Amino acid sequence: MPFFDTAGDQRMVHQNQPAWDAIAHYIQLADGKLPKRPWNILDWGCHRGGLLQTLSGEFVARLQDLYGVELDEEAREYALRHLQQMLFCRDLSRVPDQSVDVFVSHEVLYLVELDWFLIELKRVLRPDGAAF
């Protein structure tokens with residue numbers, strides 16, 4: 001059974017777009033303190049890739065790679081079909097150490113054990129990277 005049905009996904013996108021736009025705005029505000037090289041952006045808990053799609057539009061000139069990490073197989077497969085320029089995987093263990101410049105996550109932290117998450121965030125984030 002899918003995590004959300006199609007109508008549910010459409011509602012979720014509509015409801016989350018203001019938050020995704022706000023995250024993009026906060027990244028813009030921090031841009032001067034972020035690495036000057038092209039960015040690797042990772043969205044942990046990306047579902048169908050809506051936040052990554054928003055960020056790819058906002059920061060197209062700054063991007064190297066976009067990574068989505070999603071447990072739900074149906075959502076991940078949807079993202080793979082519709083956002084082909086992005087790299088998707090099931091969990092953070094497949095993300096190389098110190099490979100992420102901008103780490104984002106929206107509405108998923110309450111689903112995990114926080115100590116584990118912080119260890120993984122530190123592992124994948126480059127020393128001059130940022131999390132939002």
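Leaving aside neighbours within four places in sequence, Trp 39 is in contact with Ile 27, Asp 31, Leu 34, Phe 59, Arg 62, Leu 63, Gln 64, Asp 65, Asp 101 and Val 102. The model is a predicted one, and Trp 39 is a handy place to start reading it. A second core lies apart from the one that holds Trp 39; this other core has 14 residues, among them Leu 42, Trp 44, Val 100 and Leu 125.

Back to the core of Trp 39, then. This is the largest nonpolar core, with 20 residues, and Trp 39 belongs to the group that touches the most other members, together with Ile 27, Leu 34, Ile 41, Leu 55, Val 102 and Val 104. Helix α1 (6-30), strand β1, helix α2 and strand β4 are the elements that give two or more residues each to this core. The largest share comes from α1, with five residues.

Strand β1 itself spans residues 39-44 and is mostly covered, with six of its six residues buried. Side chains in a regular strand alternate between the two faces of the sheet. In β1, Trp 39, Ile 41 and Asp 43 point one way, while Asn 40, Leu 42 and Trp 44 point the other way. The two cores pick up residues from both sets: Trp 39 and Ile 41 are in the largest core, whereas Leu 42 and Trp 44 are in the other.

As for partners, β1 pairs with strand β2 (residues 63-69) in the parallel sense, over six bridges. Getting from β1 to β2 takes the chain through helix α2 (residues 50-58), in a β-α-β crossover that is right-handed. Within this pairing, Trp 44 stands opposite Val 69 of β2. Leu 66 also sits in β2 and is buried, at a relative accessible area of 5%. Between Leu 66 and Asp 43 there are 8.0 Å in space, C-alpha to C-alpha, against a separation of 23 residues in sequence.

Strand β4 (residues 100-104) is also paired with β1 in the parallel sense, here over three bridges. Asp 43 has Val 104 as its bridge partner in β4. Asp 101, another residue of β4, counts as buried because its relative accessible area is 0%, under the 20% cut-off. The Asp 101 side chain reaches the backbone nitrogen of Asn 40 at 2.8 Å. Neighbours within four places in sequence aside, the contacts of Asp 101 include Trp 39 and Asn 40 in addition to Pro 35, Arg 37 and Pro 38. Leu 125, Arg 126, Gly 129 and Ala 130 are in contact with Asp 101 too.

Methods. Residues are numbered from 1 along each chain as its sequence is written. This is a predicted model: local features need pLDDT of at least 70, side-chain atom pairs count only at pLDDT 80 or more; totals for chains, interfaces and linings use all residues. Side-chain values use heavy atoms; hydrogens and water are left out. Buried means under 20% relative accessible area, exposed over 50%, partly exposed in between (1.4 Å probe, protein chains only). Helices (H or I, at least four residues) and strands (E, at least two) are DSSP runs, numbered from the N terminus. Two strands pair if DSSP finds at least two bridges between them. A crossover is right-handed if, with the strands pointing away from the viewer, the path from the first strand over the helix to the second runs clockwise. A nonpolar core is a set of buried Ala, Val, Leu, Ile, Met, Phe, Trp, Tyr and Cys residues joined through side-chain atoms within 4.5 Å. Contact means heavy atoms within 4.5 Å. A polar contact is a pair of N or O atoms within 3.5 Å; within protein, one must be able to donate a hydrogen and the other to accept it, and residues adjacent in sequence count only if both atoms are side-chain atoms.
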